[in-house]
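Dear colleague,

I am passing on the structure below, and I would be grateful if you could look through it before reading my notes, which follow underneath.

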Amino acid sequence: MELALGLLVLVAVVCAGSALGRKLNVSVPLLLVLAGVAGSFLPFVPHIELNPELVLVGLLPPLLYAAALRTSLFDFGSNRRAIGLLSVGYVIFGTLAVGFVVWWLFPEIPLAAAIALGAVVAPPDAVAATAIARKVGMPRRIVTILEGESLINDATALVCLRAAIAAIAGTVSAAGIAGGFLLAAGGGLVVGLAAAYVLTELRKRIRNVAINTTTSLMAPFVAYLPAEAIHASGVLAVVVTGLVMGTKAPSMPNGAARLSQRSNWNTVQFLLENSVFLLIGLQVRTIIEGIQDDSLGAGRIWAGCAVILLAVLLLRPVWVFPATYLPRLIPSVRRRDPAPPWQIPAIVSWAGMRGVVTLAAVLVLPADLEHRSVLILAAMVVVGGTLTLQGFTLPALVRLLRVQGPDQREDALNQASLMQLATAAGVERLQELRTDSDPPEVVAMLKRRTQERGLAAWERLGRPTSEAATPSQRYAELRLAMLEAERAKVLELRRGGEYAHEVLSEVLDRLDVEESMLDISLEELDTAGDGGGGEGIARPGGVCGHLESAPDPEVPRDPFCADCRREGTTPVHLRMCLACGSVGCCDSSPGTHASRHFEATGHPVMRSIEPGEDWRWCYEDDLLG
């Protein structure tokens, strides 16, 4: 009964804290940590001990799997050098450096135990970094690097921790450490790929949505447990399985199962990651009480913990800046990937919040280890300090450095162009499949519905919704009202008892599916309406003399942005000025040279010169043509 009540209170606080954080525009993880700290000192809140096995086996695999499902394997691959240097190089560097700092501060603590603490505090948290990064609106490459780092670094840290614990017991050698790393990496990779293959083949053959979704929920443990059984890295196995299955999922049959998987994993991730932050806060009182009788003395302990926190904060930029720029001294690396501006490694350096894995891992230290409570407190100070200092100041740092996140207008244009290409492919396939016996009205309806979906994507580029609702938005509003009336009629008939429950449920389910699609459509339209800070992008059909009179110069055979080459930046998409033929990069590129060309020359119209795109854009009138 007490366990059930505790879980109920935990979930209720998580939901309330998340809702409050979103309403106040405050970081939800930080708010929940503070709520947990306050709760730990309330007399009626029982002492809650964080079971390390619960975190490392019960919480970490599903959290990492959910994050890996959303991570692009292609983006991960294109940033593998940066991710590897952070998730492996930085963790090993941080483990040793922090270990020696701890040993210098507290010579009474064995060096192996100090290095164990270094391994514990080395990896930034998989949840905290990406949660805050997405909220802040960082450039996509930074988010990809932080996500990739947080997926892999736990595996490196746990291997380092195992080696350190073995050294405490006096049963470790250099060859054993090297062999442990090879087994952890190689075994985790093989088990992850095998688990992904088996689960993918299995899910392809399961048509039942509930069973298919349940199989997906089992996936992190199917990967984790066999890997740990052979002493490989279960964390790495889970990440590999998630990356592969996330990439394979869109090409698998059964769209209903994919929607169910997405919905269920969103719920699981929401509950677990937010509960984790609340649990961090709830440990504070117990950890502080644990050092009261330690022979090192409270003043010395707290001062040492502050120095350890400072070392953790300083060591990350000490590693990140050289790791960013030194590889680019090699000409081949520099040509493929020019050096980013210094603001990028500065933000990556400051996005190093630690989380629940640090607390869970430090509890794995042997119970009879001398001064164990001091090491646990040091880990707690690092977690709380990084979450508070870096978590609260990271948004301000991004604004101060004027680092731009993804451009919503550019994203909307690319989405509309992609939808147009997909729509054209669908219509082309319809022409191949249609026969003379097909009813013309069926073919016409299929064409109309497909084309309307494509036009709706362009309508998302319209002016703010305060001016006028687009046709698709008005359709969604009217259809929602109709669905409400239809549902009311079905519920009225249900009270009469004239229809079987199964029949009524099937009809209501169909109405719910259609309503959920309309809700998504309305939400996207509302979000896009003022996504550019109040300025919209007009839908095709607007009156613009610049668009009508603009010439149509020939597109260069091998176009490139000369300004990007001169500045050493990489363009995302290319645009061409229709007045002078100058080629510049889009607003999602670091240089935004197409917009800067308009500001410098006043030439109003440019066009996309990406393959398959021919739309034009008038800067002066904010109109699409």
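How many helices and strands does the secondary structure of the protein come to? The count is 25 helices and five strands, and please keep in mind throughout that this is a predicted model.

Some overall values may help you to find your way. The protein has 625 residues, of which 47% are buried, and its accessible surface comes to about 30900 Å², with 62% of that surface belonging to carbon and sulfur atoms. When contacts with a separation of 6 or more are considered, 76% of them are accounted for by residues 24 or more positions apart.

On the surface, I would draw your attention to a positive patch, which is formed by Arg80, Arg334, Arg335 and Arg336. Helix H15, covering residues 331-336, contributes the largest share of this patch, namely three residues. One residue of helix H15 is Arg336, and Arg336 counts as exposed because its relative accessibility is 63%, where the cut-off for exposed is over 50%.

Ser18 offers a contrasting case, and its place is in helix H1, which spans residues 2-24. Is Ser18 buried or exposed? Ser18 has a relative accessible area of 1%, and it is therefore buried, since that term applies under 20%. Leaving aside residues up to four places away in sequence, Ser18 touches Val28, Leu32, Phe270 and Asn274.

With best wishes

How values were computed: Residues are numbered from 1 along each chain as its sequence is written. This is a predicted model: local features need pLDDT of at least 70, side-chain atom pairs count only at pLDDT 80 or more; totals for chains, interfaces and linings use all residues. Side-chain values use heavy atoms; hydrogens and water are left out. Patches are made of residues with over 30% relative accessible area and no salt bridge: like charges are joined within 9 Å, nonpolar side chains (Val, Leu, Ile, Met, Phe, Trp, Tyr) within 5 Å. Accessible areas come from the Shrake-Rupley method with a 1.4 Å probe; for residues, only the protein chains shown count as cover. A salt bridge is a side-chain nitrogen of Lys or Arg within 4 Å of a carboxyl oxygen of Asp or Glu. Lys and Arg count as positive and Asp and Glu as negative; His and the chain ends are not counted. The place of a charge is taken as NZ of Lys, CZ of Arg, CG of Asp or CD of Glu. Helices (H or I, at least four residues) and strands (E, at least two) are DSSP runs, numbered from the N terminus. Buried means under 20% relative accessible area, exposed over 50%, partly exposed in between (1.4 Å probe, protein chains only). Contact means heavy atoms within 4.5 Å.
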